[in-house]
Amino acid sequence: MPKFTKKPVEIEARKFEGTNAELHSIYQWIENNTLGSFEPMAVIEGRVPSPESGVSIDPRDGRVMIATLEGCHWVNLGDYVIKGVKGEFYPCKPDIFEATYDAASY
């Protein structure tokens with residue numbers, strides 16, 4: 001079976017550890033680099049499709065919702081939020097992040 005290695009790619013990421021300042025900073029970071037905010041309940045209830053990019057807050061539990069081409073993803077405490085190589089945003093569990101990425105050194 002052929003084997004492959006991941007190409008070295010530099011990404012931007014922030015870890016969400018639960019403070020309001022972090023929540024606000026991550027929200028603005030995503031909002032400023034995507035299609036912006038969207039109305040969450042319309043998406044959650046299926047009245048409108050998920051936008052291809054964007055950010056909102058789930059009013060049911062206060063978690064950040066990130067809209068992607070694959071649908072919405074929720075950011076949980078301890079997750080990293082990654083800005084990928086094509087400008088896309090998505091959450092990543094800490095164990096996966098730490099196994100996949102090292103801090104860039106210059």
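User: Is Cys72 buried or exposed?
Analyst: The model is predicted: local features need pLDDT of at least 70, side-chain atom pairs count only at pLDDT 80 or more, and totals for chains, interfaces and linings use all residues. Residues are numbered from 1 along each chain as its sequence is written, and side-chain values use heavy atoms, without hydrogens or water. Buried means under 20% relative accessible area, exposed over 50%, partly exposed in between (1.4 Å probe, protein chains only). Cys72 has 17% relative accessibility, so Cys72 is buried.

User: Why is Cys92 not bonded to Cys72?
Analyst: A disulfide needs two cysteine sulfur atoms within 2.5 Å. Cys92 is buried too, at 10% relative accessibility, but the count of disulfides is 0. For the sulfur of Cys92 the closest cysteine sulfur is that of Cys72, and the gap is too far for a bond: 18 Å.

User: What pattern do the helices and strands follow along the sequence?
Analyst: Helices (H or I, at least four residues) and strands (E, at least two) are DSSP runs, numbered from the N terminus. The protein has 3 helices and 6 strands. Read along the sequence, they give β-α-α-β-β-β-β-β-α.

User: How many of the 106 residues are buried, as a percentage?
Analyst: The C-alpha trace spans about 45 × 35 × 25 Å along its principal axes. Within the protein, the buried share of the 106 residues is 31%.

User: What share of the contacts with a separation of 6 or more joins residues 24 or more positions apart?
Analyst: A contact means heavy atoms within 4.5 Å. Take the contacts with a separation of 6 or more; the part from residues 24 or more positions apart is 37%.

User: Which element gives the largest share of the largest nonpolar core?
Analyst: A nonpolar core is a set of buried Ala, Val, Leu, Ile, Met, Phe, Trp, Tyr and Cys residues joined through side-chain atoms within 4.5 Å. The largest one here has 11 residues, including Phe16, Trp29, Val75 and Phe89. H1 and S3 are the elements that give two or more residues to this core. The largest share is 4 residues, and it comes from H1.

User: How many residues make up the other core?
Analyst: This core lies apart from the largest one. Its members include Phe38, Val43, Met65 and Ala67. The number of residues is 5.

User: What kind of aromatic pair do Trp29 and Phe89 form?
Analyst: Rings of Phe, Tyr and Trp (its six-membered ring) pair if their centres lie within 6.5 Å; planes under 30 degrees apart count as stacked, over 60 as edge-to-face and the rest as tilted. The protein has 3 aromatic pairs. In one of them, Trp29 and Phe89 stand 4.9 Å centre to centre with 90° between the planes. That makes the pair edge-to-face.

User: How many residues apart are Trp29 and Phe89?
Analyst: Trp29 is buried at 8% relative accessible area, and Phe89 at 4%. Trp29 sits in helix H1 (residues 20–32), Phe89 in strand S6 (residues 89–92). The pair links distant parts of the chain, and the separation is 60 residues.

User: Which residue lies over the face of Trp29?
Analyst: A charge sits over a ring if NZ of Lys or CZ of Arg is within 6 Å of the ring centre and within 35 degrees of the ring normal. For Trp29, the distance from the ring centre is 4.4 Å. The residue is Arg14.

User: Why does the pair of Tyr80 and Phe97 count as stacked?
Analyst: Tyr80 is buried at 14% relative accessible area, and Phe97 at 11%. Tyr80 is in strand S5 (residues 80–83), and Phe97 is in helix H3 (residues 94–100), 17 residues apart. The ring centres are 3.7 Å apart, and the pair is stacked because the angle between the planes is 10°.

User: Which residue joins Tyr80 and Phe97 in one aromatic cluster?
Analyst: Tyr80 and Phe97 belong to one aromatic cluster. Its other member is Tyr101.

User: Is Asp58 buried or exposed?
Analyst: Asp58 is in the loop between S2 and S3. Asp58 touches Ile44, Arg63, Met65 and Trp74, not counting residues up to four places away in sequence. At 0% relative accessibility, Asp58 counts as buried.

User: Which side chain makes a polar contact with the side chain of Asp61?
Analyst: A polar contact is a pair of N or O atoms within 3.5 Å; within protein, one must be able to donate a hydrogen and the other to accept it, and residues adjacent in sequence count only if both atoms are side-chain atoms. Asp61 lies in the loop between strand S2 (54–57) and strand S3 (64–68) and is partly exposed at 42% relative accessibility. At 2.8 Å, its partner is Arg63.
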